[in-house]
Amino acid sequence: MELKQVRQGQEEKEQDHPLHNPLLSPYKMGNFLLSHRAVLAPLTRQRSFNNVPQPHAILYYSQRTSKGGLLISEATGVSDTAQGYPFTPGIWTKEQVEAWKPIVDAVHAKGGIFFCQIWHVGRVSNQGFQPNGQAPISSIDKSLAPQIRANGVDVAQFSPPRKLRTDEIPAIVNDFRLAARNAMEAGFDGIEIHGAHGYLVDQFLKDQINDRTDKYGGSLENRCRFALDIIEAIVNEIGADKVGIRLSPFANYMESGDSNPKALGLYMAGIIK
């Protein structure tokens, strides 16, 4: 009986050891010390009327906050051309920044670490979401086929996009930079660039979408240039310790495949490490 109790006590100690509970063990993410490794992923909520975060988001995010836990906000538009879904939030106006502040404060009050995911949907849009009914912008002028939404019922329709001119691209990079600066003003701890799943950054990265012949197309290095320009601009604005990027080289969501996803992923990981 005594030997059994000793073994049971040893097993309980082993189970309590962080090595046996990796999800609950601390993790140093750059300058941020996380108390555990369970992260709130960005979830598109579509509750931000007129692209302005609403007060009920205070409860939503604070309910999901734990001391030392990392949260990543729902994808947040960098400009008025960035939208492709109803009621998604933005962070390009003063009103939007002010609306985010009490939400961020609520997360910080519970000891959470809060990153803002910033995005531009590119061609995953239609003229109804665009200022003055203009065409969505992209790396390409080829439109998407209609897609069934995640609810399995609604069908999304996409307008033919307009391929960005080379001289227009720095202005889009600047939109990302300003969005990052605005996120800092709103109180966020950092930002995550949405560079995945067929949205604008991914539209430049993937060779099955990007058919450009300028310095932003063709070779792997050229196709990655847009993403790296955005990273550099944001790092110069808010500091490298506050910047992350989400990538999905192997995904083909929204017709965003690549002929050599391994090379793409390794190149991006190697150059921004």
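## The largest pocket

Strands β5 and β7 (147-148) each give at least two residues to the lining of the largest pocket. The model is predicted, so local features need pLDDT of at least 70 and side-chain atom pairs count only at pLDDT 80 or more, while totals for chains, interfaces and linings use all residues. Residues are numbered from 1 along each chain as its sequence is written, and side-chain values use heavy atoms, leaving out hydrogens and water. Strands (E, at least two residues) and helices (H or I, at least four) are DSSP runs numbered from the N terminus.

The volume of the largest pocket is about 570 Å³. Its lining consists of 23 residues, and those nearest the centre of the pocket are Thr44, Tyr85, Ala150, Tyr199 and Tyr253. On a 1 Å grid over the protein atoms alone, a pocket is an open set of points with protein on both sides within 12 Å along at least five of seven lines; a cavity is a set where a 1.4 Å probe fits but cannot get out; lining residues have an atom within 4 Å of a point. Points are joined across faces, edges and corners, and a volume is the space filled by probe spheres set on them.

## The largest cavity

How many cavities of 30 Å³ or more are there? The count is one. The largest cavity holds about 40 Å³ of space. Its lining is made up of Gly195, Asp202, Leu205, Lys206, Leu247, Ser248, Pro249, Leu264, Gly265 and Met268. Two elements, α5 and α7 (261-272), give two or more residues to this lining. Of the elements, α7 gives the most, with three residues.

## Glycine 195

One lining residue of the cavity, glycine 195, is part of strand β10. Its relative accessibility is 0%, so glycine 195 counts as buried (under 20% relative accessible area; exposed is over 50%, partly exposed in between; 1.4 Å probe, protein chains only).

Which residues does glycine 195 contact, apart from neighbours within four places in sequence? They are Val201, Asp202, Leu205, Ile245, Arg246, Leu247 and Ser248, where contact means heavy atoms within 4.5 Å. Alanine 227 is 32 residues from glycine 195 along the chain, and the two C-alpha atoms are 7.4 Å apart.

## Aromatic pairs

There are 12 aromatic pairs in the structure (Phe, Tyr and six-membered Trp rings with centres within 6.5 Å; planes under 30 degrees apart are stacked, over 60 edge-to-face, the rest tilted). In one of them, phenylalanine 32 and phenylalanine 115 meet edge-to-face, with 5.5 Å between ring centres and 75° between the planes. Phenylalanine 32 belongs to strand β2 (residues 32-34) and phenylalanine 115 to strand β5 (residues 113-119), so this pair ties together parts 83 residues apart in sequence. Phenylalanine 32 is buried at 14% relative accessibility, and phenylalanine 115 is buried at 9%.

Another pair joins tyrosine 61 and tryptophan 100; their ring centres are 6.4 Å apart and their planes stand at 50°, so the pair is tilted. Because tyrosine 61 lies in helix α2 (residues 56-63) and tryptophan 100 in helix α3 (residues 94-109), the pair ties together parts that are 39 residues apart in sequence. Are tyrosine 61 and tryptophan 100 buried or exposed? Both are buried. These two residues also belong to a cluster linked by ring pairs, together with Tyr60, Phe114 and Phe188.

## Helices α2 and α4

In α2, the buried residues are Ala57, Tyr60, Tyr61 and Ser62. They pack against β3 (70-72), α3 and β5.

In α4, the buried residues are Ile169, Ile172, Val173, Phe176, Ala179, Ala180, Asn182, Ala183 and Ala186. An α-helix has 3.6 residues a turn, so residues three or four places apart point the same way. The buried residues of α4 pack against α3, β5, β6 (137-138), β10 (190-195), α5 (200-205) and α6 (220-238). Just after α4 comes glycine 187, with a positive phi of about 105°.

## Positive phi outside glycine

Most residues other than glycine have a negative phi. Phenylalanine 87 has a positive phi near 60°. It sits in the loop between β4 (76-77) and α3, and it is partly exposed at 41% relative accessibility.

Histidine 197 is not a glycine either, and its phi is positive at about 55°. Where is histidine 197 placed? It is in the loop between β10 and α5. Its relative accessible area is 23%, so histidine 197 is partly exposed.
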